[in-house]
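Here is a brief report on a protein model. Keep the structure open while you read.

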Amino acid sequence: MAREPRARPLASAIALCAGLAGCAGWKPVYATPAWTLFVKDGERVDVDHFGAALEPAFAAVEARLGTFRGSVRVHAWQAGADLDSGAEVFVSGDGEEQHIEGLGPARVRAFHVRGGSQLFSTSGVFIGTADVGTAVHELVHARLAELDQEVPLWFEEGLASLLGDGALFGGAW
């Protein structure tokens with residue numbers, strides 16, 4: 001008995017277009033072998049300022065957790081971002097708190113998103129402020145995700161907080 005052909009090519013094309021549209025809002029503005037800086041369409045960012053924070057942050061994380069295998073996507077922006085879960089997160093450097101599931105009230109200045117289940121889901125580090133400590137904290141999450149390390153949230157946050165708490169001396173964290 002012959003089977004009716006399915007409409008998969010059309011469904012696949014629609015899914016592909018939808019996925020690409022989701023990525024279309026982020027544009028690369030600067031790239032190094034270790035990281036690429038993205039901004040949303042229409043937004044501006046001081047690339048030198050972010051580079052001055054990201055370079056020592058990468059060196060600090062790689063010295064303690066090993067070299068990143070691939071380039072890390074770093075997203076700089078001033079507004080909110082929709083996550084794959086449907087939650088919207090707003091980066092805030094002004095003390096504004098929000099409730100984060102699993103953590104409670106928190107000031108969110110940056111966060112890391114592991115690659116989602118969708119083909120073109122946006123993943124990487126999202127930073128609203130070019131700060132070395134903040135970048136170190138989020139890069140710890142990125143490195144553990146790259147290593148596919150499933151550790152308890154309290155441990156991962158503790159490690160990220162420990163490594164992110166420091167000072168910049170002579171260009172080193």
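The sections below cover aromatic pairs, charges over rings and one loop residue.

## Aromatic pairs

This is a predicted model. It holds four aromatic pairs. One of them joins Y30 and W35. Their ring centres lie 5.6 Å apart. The angle between the two planes is 45°. That makes the pair tilted, because the tilted class covers planes that are neither under 30 degrees apart nor over 60.

The two partners differ in exposure. Y30 has a relative accessible area of 40%, so Y30 is partly exposed. W35 has a relative accessibility of 1%, so W35 counts as buried. The cut-off for buried is under 20%.

## Charges over rings

Two arginines place their charged ends over phenylalanine rings. R73 sits over the ring of F38. Its charged end is 4.0 Å from the ring centre. R143 sits over the ring of F68. Here the distance from the charged end to the ring centre is 5.8 Å.

## A loop residue

Where is A34 found? A34 lies in the loop between β1 (26-31) and β2 (35-40). With 24% relative accessibility, A34 counts as partly exposed.

Now look at the contacts of A34. Leave aside residues up to four places away in sequence. A34 then touches F58, G70, S71 and V72. Take F58 from that list. A34 and F58 are 24 residues apart along the chain. Their C-alpha atoms are separated by 8.0 Å.

Terms used. Residues are numbered from 1 along each chain as its sequence is written. This is a predicted model: local features need pLDDT of at least 70, side-chain atom pairs count only at pLDDT 80 or more; totals for chains, interfaces and linings use all residues. Side-chain values use heavy atoms; hydrogens and water are left out. Rings of Phe, Tyr and Trp (its six-membered ring) pair if their centres lie within 6.5 Å; planes under 30 degrees apart count as stacked, over 60 as edge-to-face and the rest as tilted. Buried means under 20% relative accessible area, exposed over 50%, partly exposed in between (1.4 Å probe, protein chains only). A charge sits over a ring if NZ of Lys or CZ of Arg is within 6 Å of the ring centre and within 35 degrees of the ring normal. Helices (H or I, at least four residues) and strands (E, at least two) are DSSP runs, numbered from the N terminus. Contact means heavy atoms within 4.5 Å.
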